[in-house]
Structure formats: C-alpha cells, structure tokens
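Visitor: I would like a close look at a single part of this model. Please take one element and follow it through its surroundings.

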Amino acid sequence: MAIHDQRIKVIHNPVAGGRNRKRLRIALQALRKHASKVKVSPTKYAGHGIKRADKAINRKPDKIPYDIICAAGGDGTIAEVANGMRGSDCPLLVLPLGTANVFARELGLGTSMRKIAAMVETLHPKQVYPGLMGDKRFIMMVGVGIDSLSVASLETSLKRRIGGAAYVVAALKAIKRMKELDLNVSVDGASYETANVIVTNGRLYGGPFILSPNAALEEPVFHVVMLHKKGLWAALRYGLALVMGRLPYLKDVTITKGTHVRIESKNALPVQADGDYVGMLPVEVRVDSFPLTVLAPRTHTSEAAES
C-alpha cells in the first residue's frame, strides 16, 4: 500500500526524549514527500494515544477520516494507538522512538529512521493479532516475574535520562522480591507452576533478543514462555542465556502455545504489558478476534540485529 496521496495522522509521544526529535523529522520529511497530508498530534498524558487514534478514524460527518494512522514512540505508545484503532481496518504505520522498539523490530522495520524513511513508500499492509487483557489490547507481550518486578520498580525520569540501563537499576531494586515468584499458569485449561511467565505474540524480547523462535505476529496464538527457577542466580543465568540466544533451549524453560491464558499467585505481584506496569495479579489474557493492519516490508526475517 503506497502512501502516495494518502492522509496520515501521526500520533507522537514527546516524552520519548529530545534526542528523538531529529529522528522524527527524518521520517516526517519522507512522509510529506509522498502523502497528501501529514498531521502531527502529540500525546499529553497516559492513554491520550487511544483517544487520538479513535478520533482520527471516527471523525465527524463533515470531516474526512485519515487513511493511515502513524504511532511515533515506543511500544507503549504503539499499544495505545492500536487500542484506539480496534475494530478498524485502517493501517498502522510505526515510527520507533522508544527504548526497546520490539514491535518495529518484529515487523522487519528495524530501528534506523533513515532506513524506514527510505522504504516507507514500499511498505505493504499485513494483519497481525494483538492480545487482550480485559478490554485493553497489548501488541507484543504480558509478563509476570523478574521483568514485571523490574518494570514496577522503574523510575520514569531515570529511564528518560539513561534509557535501557534504567531497567538494570530497576532489576537490582526488585531482587528482594524474587522469592515471592510462585505462579499458577493456565494455558487453554492446562495448568503449570512456574516462577516467571511471558505471554508473547512474537519472537523477540527486550529489543533484539530471541525469546520464542517459532512465534509470529500474524498467527492468532500466544507463545507462553515459562522460566521455572527463581532467585538472583537464576535471574542472572536467564539474562545471560537471553543475550546469547540460548534462553528457549534451557532445560528449565518451557514454551507452549494457546489462545487463553490465566496467571495467578498467592502473592501480590505486578503485571507488565509491552514494558509498562498495568496492574496486579490475577490476570487473564486472550488473543484478540480483531486483527490489526500494519504497514511492513513485504518479506522479512524479524529484525534482530539492527540498531
């Protein structure tokens, strides 16, 4: 789907950082070269992306809806925009300006804004399947365990200053709670006990790292990754295995598939979705029956190396 003569609404999260203003300008220049109209609307508070997207595709009778909605920000911003677009077949264009940018990597867009700008006229629509937690969409994953403890301890101001390194600081703060990680997980009725679980739509995690090698966004099924050991040494071992591409093959890691997952615990534990804190257990997730149309390269292997 060429963007030539299309009307594009860009929903931009300005909190993504000052260093990203130049990267955004590169993309906007490319969009304005081809599109008939490009309108940039910054988000002003958490959840504002949902309202911005809904308004862009459900306009008043005297106003023409936009042809393409663009999310410029991190995975959390993309998830907000995707929520506002639920039920619509309007395509979503992603401009990755976040810390990990897992969704953009998964689509094959990568994270280089110059490369995305160069390919933007050749992108094609494809359907992917988000997840639902209650009535809210998530685009990539829901997790409970080491990652959710870290996200719950994350200081947003620190993340803005030092980027991904802030997650390391948050993980150190979460160490004392790792002994509480006793989870009961139900996947399509099958029960498991584990210390950590990540319910994912795609292959990648934390940026370029492979979590579940056979997952694919276009398949309406979750890959449920369970890391069974808990404690500091287990966390370090899992982290090293993830970086080395060996995590899915460890003997104490189980990967199964399903469309309906429930996670419970006797302890009060936080939940993360797409890298953001979203509440406490218990949590129930299912595959969204409404696919999301996204613009992506026609053929690709999930981008796992480009920075």
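Which strands and which helix do the buried residues of helix 1 pack against?

Guide: This is a predicted model, with a mean pLDDT of 90 over the chain. Of the residues in the chain, 90% reach a pLDDT of 70 or more. Helix 1 covers residues 21-34, which makes 14 residues. From its first C-alpha to its last, helix 1 reaches 21 Å, close to the 20 Å expected at 1.5 Å a residue. The buried residues in helix 1 are R23, L24, I26, A27, L28, A30 and L31. An α-helix has 3.6 residues a turn, so residues three or four places apart point the same way. In helix 1, R23, A27 and A30 are among the buried positions, as are L24, L28 and L31.

To the question itself: the buried residues of helix 1 pack against four strands and one helix. The strands are strand 1 (7-12), strand 2 (37-42), strand 3 (68-73) and strand 4 (92-96). The helix is helix 5 (113-119).

Elsewhere in the chain, six strands form an open antiparallel sheet in the order 7-6-19-16-9-10. Its edges are strand 7 (136-138) and strand 10 (190-194), each of which pairs on one side only. On average, neighbouring strands of this sheet are turned by 25° against each other, direction ignored. Within the sheet, strand 9 (residues 183-187) and strand 16 (residues 260-264) run antiparallel and are joined by four bridges. V185 has I263 of strand 16 as its bridge partner.

How values were computed:
Residues numbered from 1 in each chain as written. Predicted model: local features only at pLDDT ≥ 70, side-chain atom pairs only at ≥ 80, totals over all residues. Heavy atoms only, no water. Helix = DSSP H or I, 4+ residues; strand = E, 2+ residues; numbered from the N terminus. Expected span 1.5 Å × (residues − 1). Buried < 20%, exposed > 50% of the residue type's maximum accessible area, 1.4 Å probe, protein only. Contact = heavy atoms within 4.5 Å. Pairing = 2+ DSSP bridges. Axes fitted to C-alpha atoms, helices over the stretch in contact; angles between N-to-C directions. pLDDT = per-residue confidence, 0-100.
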